Amino acid sequence: AQHGVGLDDIRHLLGFELFAYVWADEPGLIAEALEVATERSIAECHAIADATLSPAVLTYGDIACKQRLLHAPEFLRAEFFPRLKRLNAAWHEHGLKCLFHSDGYLMDVMDELLAAGIDGLNPIETVAGMDLKAVRRAGGDKLFLAGGIDMSQLLSQGTPDEVRAVCRQAIRDASPGYFMGSTTEADNSCRLENLFAMQAVAMDGI
């Protein structure tokens, strides 16, 4: 399963410009919509959670872009992180780990994400400024990491030798508790030989 607190959906429905105007003029409307979405996600969690089917769930909210956050930290601390914490706690009640997904540069709010109860982080978008070693250092052994291999440039334009070198370094920087993967969905821009190279390092260390 994958669950958010409604931020992505509300932002998509309104568009960024209207979202910003509504938040400036009627912030209570945004807060109310986020609360309804969060309560729905928590209810769905309690209805379907089953750790025998999956040990983990994806909790998400795209809150960042390259080198910076999409929203002011004050907004995130007031409206996003408390609800993410409640959502993670609901899944934890059923024994599942929560892998949090957000693209972009998240280092400015890593402490808040950890306090919100995330167990893992994805996709660790390196071209946005994320660094596997820095994330591992911030999260310690409490956080598992998933992703970290750039899709937009390395897997799409690099060579297999370059991919293997980056993947081996990623293992050194992010282990233990590292699930190698691309920094977003591996689409048709990726070279097949590069995907095979990443798989070979991930599975066999070669």
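These legends describe close-up views of a predicted model.

**View 1. The open sheet and its strand order.**
Six strands form an open sheet, in the order S1-S2-S5-S6-S7-S8. The pairing is parallel. Strand S1 (2-4) and strand S8 (178-182) are the edge strands, and each pairs on one side only. Neighbouring strands are turned by 30 degrees against each other on average, direction ignored. Helix H8 packs on this sheet, where it touches strand S7 (144-149) and S8. The direction of H8 makes about 145 degrees with that of S8.

**View 2. Strand S5 and its partners S2 and S6.**
Strand S5 covers residues 97-101, and 4 of its 5 residues are buried. Strand S2 (residues 56-60) pairs with S5 in the parallel sense, over 5 bridges. Here Tyr60 stands opposite His101 of S5. S6 also pairs with S5 in the parallel sense, over 3 bridges. Leu99 faces this partner too, standing opposite Gly120 in S6. From S5 the chain crosses through helix H5 (residues 110-115) to S6. This β-α-β crossover is right-handed. Another opposed pair is Phe100 and Leu121, the latter in S6.

**View 3. The largest nonpolar core.**
This core holds 53 residues. Which of them touch the most other members? They are Phe80, Leu113, Leu121, Leu145 and Ile149. Helix H4 gives the most to the core, with 8 residues. Leu121 also appears in the sheet view, opposite Phe100.

**View 4. The surroundings of Ile149.**
Residues up to four places away in sequence are not counted here. Among the residues that Ile149 touches are Leu154, Leu155, Val166, Cys167 and Ala170. Its contacts also include Tyr178, Met180, Gly181, Ser182 and Thr183. Met198 is another of them. Ile149 is itself one of the core residues that touch the most other members.

**View 5. A salt bridge between helices H4 and H3.**
Side chains of opposite charge can pair when their charged atoms come close. Arg86 and Glu35 form a salt bridge, with their closest N and O atoms 2.9 Å apart. Arg86 lies in helix H4 (residues 73-93) and Glu35 in helix H3 (residues 27-48), so the pair ties together parts that are 51 residues apart in sequence. Are these two residues buried or partly exposed? Arg86 is partly exposed, at 32% relative accessible area. Glu35 is partly exposed as well, at 25%. Salt bridges that share partners join Glu35, Glu39, Glu79, Arg83 and Arg86 into one network.

**View 6. A salt bridge between two loops.**
Glu125 and Lys66 meet through their side chains in a salt bridge of 3.9 Å, N to O. Glu125 sits in the loop between strand S6 (120-122) and helix H6 (132-139). Lys66 sits in the loop between strand S3 (64-65) and strand S4 (68-69). The two are 59 residues apart, and the pair links distant parts of the chain. Glu125 counts as buried, at 14% relative accessibility. Lys66 counts as partly exposed, at 48%.

**View 7. A salt bridge between helices H6 and H8.**
The side chains of Lys133 and Asp173 form a salt bridge of 3.8 Å, N to O. Lys133 belongs to helix H6 and Asp173 to helix H8 (residues 160-174), 40 residues apart. Lys133 is partly exposed, with a relative accessible area of 42%. Asp173 counts as buried, at 17% relative accessibility. In total, the model has 9 salt bridges.

Key:
Residues numbered from 1 in each chain as written. Predicted model: local features only at pLDDT ≥ 70, side-chain atom pairs only at ≥ 80, totals over all residues. Heavy atoms only, no water. Salt bridge = Lys/Arg side-chain N within 4 Å of Asp/Glu carboxyl O. Helix = DSSP H or I, 4+ residues; strand = E, 2+ residues; numbered from the N terminus. Buried < 20%, exposed > 50% of the residue type's maximum accessible area, 1.4 Å probe, protein only. Pairing = 2+ DSSP bridges. Right-handed = clockwise from strand over helix to strand, strands pointing away. Core = buried A, V, L, I, M, F, W, Y, C linked by side-chain atoms within 4.5 Å. Contact = heavy atoms within 4.5 Å. Axes fitted to C-alpha atoms, helices over the stretch in contact; angles between N-to-C directions.
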